[in-house]
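Trainee: I would like to learn how to read a model like this one. Where do we start?

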Amino acid sequence: MKLRFLGHSCFYLEEGAFKALIDPFITGNPQSPISAAEVGEITHIFVTHGHGDHLGDTIPIAKATGATVITNHEIGVYLGKFDIKVHTMHIGGRVKMEFGTVKMTPALHGSGITTEEGMVCGGNPGGFVIEINNKKIYHAGDTGLTMDMKLLEAENIDIALLPIGGNFTMDVADAVRAVEFIKPKVVIPMHYKTFPVINSDPYEFKESVKGCDVVILNPGDDYSY
Ligand code: NI
Ligand code: MN
């Protein structure tokens, strides 16, 4: 499994013919090493919640690539108006897809979609557990620390992508507790330094986490698992 960090909470995930983006905030993302036109072939786009720094370039990339967008029901209904392929699911649900399985997990956050006509309901925010070839990756989305994360220990997560920036999500201290709950093999911090208000230090996170590898990726860095 190849993973590429595109800044903020945006990751590119590749395993064989499966080429996915999670939370494709590229245009307007000061950390993004590429433009939305440079994403290449994409088969799937995962959207954790409706905020602009996660929904991001979903619509133009899905239109340009024909990718299937996997998201919650409410965001799926909203995206349905734009003539793109959508697979909707919801919190706690797991589904078998052509590449593996996807489970949607709860997140403690908001999910409103800002449009020119005002705020559109984006349902409940979530995260994803994606399993491909017996490798499991968990993208937490934007969330505070929750007791629900203890349930993820039983999922045997290989790689957890966790926000550490504070203000909108868990800060470093809470993300360290999340790692203790989830017990992944590897954790990659995200959602920090994009904006001044989430200026957390990933090295402070790395020093505080015990019993799990912390991999700090700079935007544009690849990681293979
Ligand atoms: Ni958010
Ligand atoms: Mn966010």
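Mentor: Start with the metals. The nickel ion (ligand 1) and the manganese ion (ligand 2) lie 3.2 Å apart, and Asp142 coordinates both. Some ground rules. This is a predicted model, where local features need pLDDT of at least 70, side-chain atom pairs count only at pLDDT 80 or more, and totals for chains, interfaces and linings use all residues. Residues are numbered from 1 along each chain as its sequence is written, chains are lettered from A and ligands numbered from 1 in the order in which they are written, and side-chain values use heavy atoms, leaving out hydrogens and water.

Trainee: Which residues are the protein donors of the nickel ion?

Mentor: General idea: donors are N, O and S atoms within 2.8 Å of the metal (3.2 Å for Na, K and Ca). Water is not among the atoms, so sites may look incomplete. Here, nickel takes His49 through NE2, His51 through ND1, His109 through NE2 and Asp142 through OD. They lie 2.2 to 2.3 Å from the ion. Their sequence spacing is H-x1-H-x57-H-x32-D.

Trainee: What is the geometry of the nickel site?

Mentor: First the ideals. They are 109.5 degrees for four tetrahedral donors, and 90 or 180 degrees for six octahedral ones. Then the cut-offs. Four donors count as tetrahedral if all angles lie between 85 and 135 degrees. Four count as square planar and six as octahedral if opposite donors are over 155 degrees apart and all others between 65 and 115; anything else is irregular. The nickel site, with angles of 88 to 174° among its four donor atoms, is irregular.

Trainee: Which residues are the protein donors of the manganese ion?

Mentor: Asp53 (OD), His54 (NE2), Asp142 (OD) and His191 (NE2). These lie 2.1 to 2.2 Å from manganese. The sequence pattern is D-H-x87-D-x48-H. The pair His54 and Asp142 links distant parts of the chain, 88 residues apart. His54 sits in helix 1 (residues 52–55), Asp142 in the loop between strand 12 and strand 13. Helices (H or I, at least four residues) and strands (E, at least two) are DSSP runs, numbered from the N terminus.

Trainee: Is Asp142 buried or exposed?

Mentor: Use relative accessible area: buried is under 20%, exposed over 50%, partly exposed in between (1.4 Å probe, protein chains only). Asp142 is buried at 2%. His54 is buried too, at 0%. His109 is partly exposed, at 25%.

Trainee: Next, rings. How many aromatic pairs does the structure hold?

Mentor: Rings of Phe, Tyr and Trp (its six-membered ring) pair if their centres lie within 6.5 Å. Planes under 30 degrees apart are stacked, over 60 edge-to-face, the rest tilted. The structure holds six such pairs. One is Phe18 with Phe46, edge-to-face, 6.4 Å centre to centre with 65° between the planes. Phe18 lies in strand 3 (residues 18–22) and Phe46 in strand 4 (residues 44–46), so the pair ties together parts 28 residues apart in sequence. Phe18 is buried at 4%, and Phe46 is buried at 0%. Ring pairs link Phe18, Phe46, Phe99 and Phe128 into a cluster.

Trainee: Now the sheets. In what order do the strands run in the open sheet that has strand 16 at one edge?

Mentor: Two strands pair if DSSP finds at least two bridges between them. This sheet has seven strands, ordered 6-5-4-3-2-1-16, with mixed pairing. Strand 6 (85–89) and strand 16 (222–224) are the edges, each pairing on one side only. The twist averages 20° from one strand to the next; axes are lines fitted to C-alpha atoms, for helices over the stretch in contact, and angles run from 0 to 180 degrees between N-to-C directions. Strand 1 (residues 2–5) pairs antiparallel with strand 16 over three bridges. Arg4 stands opposite Asp222 there.

Trainee: Which strands does helix 2 lie across?

Mentor: Contact means heavy atoms within 4.5 Å. Helix 2 (residues 58–65) lies across strand 3, strand 4 and strand 5 (68–72), at about 165° to strand 4. Helix 3 (residues 73–80) also packs on the sheet, touching strand 5 and strand 6, with its direction at about 135° to strand 5.

Trainee: What is the order in the sheet that includes strand 7 and strand 15?

Mentor: Seven strands, 7-8-11-12-13-14-15, open and mixed. Strand 7 (94–97) and strand 15 (213–214) have a single partner each, so one side of each lacks a neighbour in the sheet. Strand 14 (residues 186–190) pairs parallel with strand 15 over two bridges. Helix 4 (residues 172–182) lies across strand 12, strand 13 and strand 14, at about 155° to strand 13.
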